[in-house]
Structure formats: structure tokens, C-alpha cells
Amino acid sequence: MARFAVRMEVDLPADMDPDAKADLLAREKAWSQQWQRSGEWVSIWRCVGEYANLSIFEVRDNEQLHEILWGLPLFPYMRIKDTPLATHPSDING
């Protein structure tokens, strides 16, 4: 399994139709919660004061992470930075 920290910053158009925005956000929530329930999207944290999150993924490989991120309905409006993670030798839980 591969672990990643992924930061996602969202930039929706200010003039986006409110109904289209509501639909987009509902689909985004459903997609992310599907992956959270399956265990690959381990956790999601809001970045205080920003329209952004920091998430931890545990996936079988890079391709699965790519599939999850590209499937996000908000993907066209995101800046994404992913960082591969490795166990730290000082981690008492590792």
C-alpha cells in the first residue's frame, strides 16, 4: 500500500450558478465519502481560513490515487499537491 498526503485548494468561479454549485458540491461529497467508507481516503482535514483540505490516502498504487483525484467533481477547480509518505523511524505507532 502507498500512503500520500494530498493538499487540495478549491477555486470556484464567483459567478457560478447557485444550482450548479449546489449539485457540484453534493456530487463531490458523495464521491469523497464513498472513498472514505472504503478506507482508501483515510482522513480529511479542513485548512483553517482557506477553501482547502489536507487529506491522507492509503491506496494500492499511484494509479489508484490518480483515479480517485481525477474522479472528484471539483477536480477542474482544484490545485492539488500530493506528497508520498513513508514511515518515520521515530514514530512510536509505526
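A pocket, on a 1 Å grid over the protein atoms alone, is an open set of points where a 1.4 Å probe fits, with protein on both sides within 12 Å along at least five of seven lines; lining residues have an atom within 4 Å of a point. Its volume is the space filled by probe spheres set on the points, which are joined across faces, edges and corners.

We're working with a predicted model, so local features need pLDDT of at least 70, side-chain atom pairs count only at pLDDT 80 or more, and totals for chains, interfaces and linings use all residues. Residues are numbered from 1 along each chain as its sequence is written, and side-chain values use heavy atoms, with hydrogens and water left out.

**Exercise 1.** Work out what lines the largest pocket.

*Solution.*
- Start with the space: about 410 Å³.
- Next, the lining: 17 residues, with E28, I44, R46, Y51 and N53 closest to the centre.
- Sort them by class: 10 are nonpolar (Ala, Val, Leu, Ile, Met, Phe, Trp, Tyr, Cys, Pro), three charged (Asp, Glu, Lys, Arg) and four polar (the others, Gly among them).
- Now the elements, which are DSSP runs numbered from the N terminus (helices H or I, at least four residues; strands E, at least two). β1 (2-10), α1 (18-38), β2 (41-46) and β3 (52-59) each chip in at least two residues, and α1 gives the most, six.

**Exercise 2.** Describe how W41 and F57 pair up.

*Solution.*
- The whole structure holds three aromatic pairs (Phe, Tyr or six-membered Trp ring centres within 6.5 Å).
- W41 and F57 sit 4.6 Å centre to centre with 40° between the planes, so they're tilted (stacked is under 30 degrees, edge-to-face over 60, tilted the rest).
- Place them: W41 is in strand β2 and F57 in strand β3, 16 residues apart.
- Check burial (under 20% relative accessible area, 1.4 Å probe, protein chains only): W41 is buried because its value is 2%, and F57 because its value is 0%.

Methods:
Buried means under 20% relative accessible area, exposed over 50%, partly exposed in between (1.4 Å probe, protein chains only).
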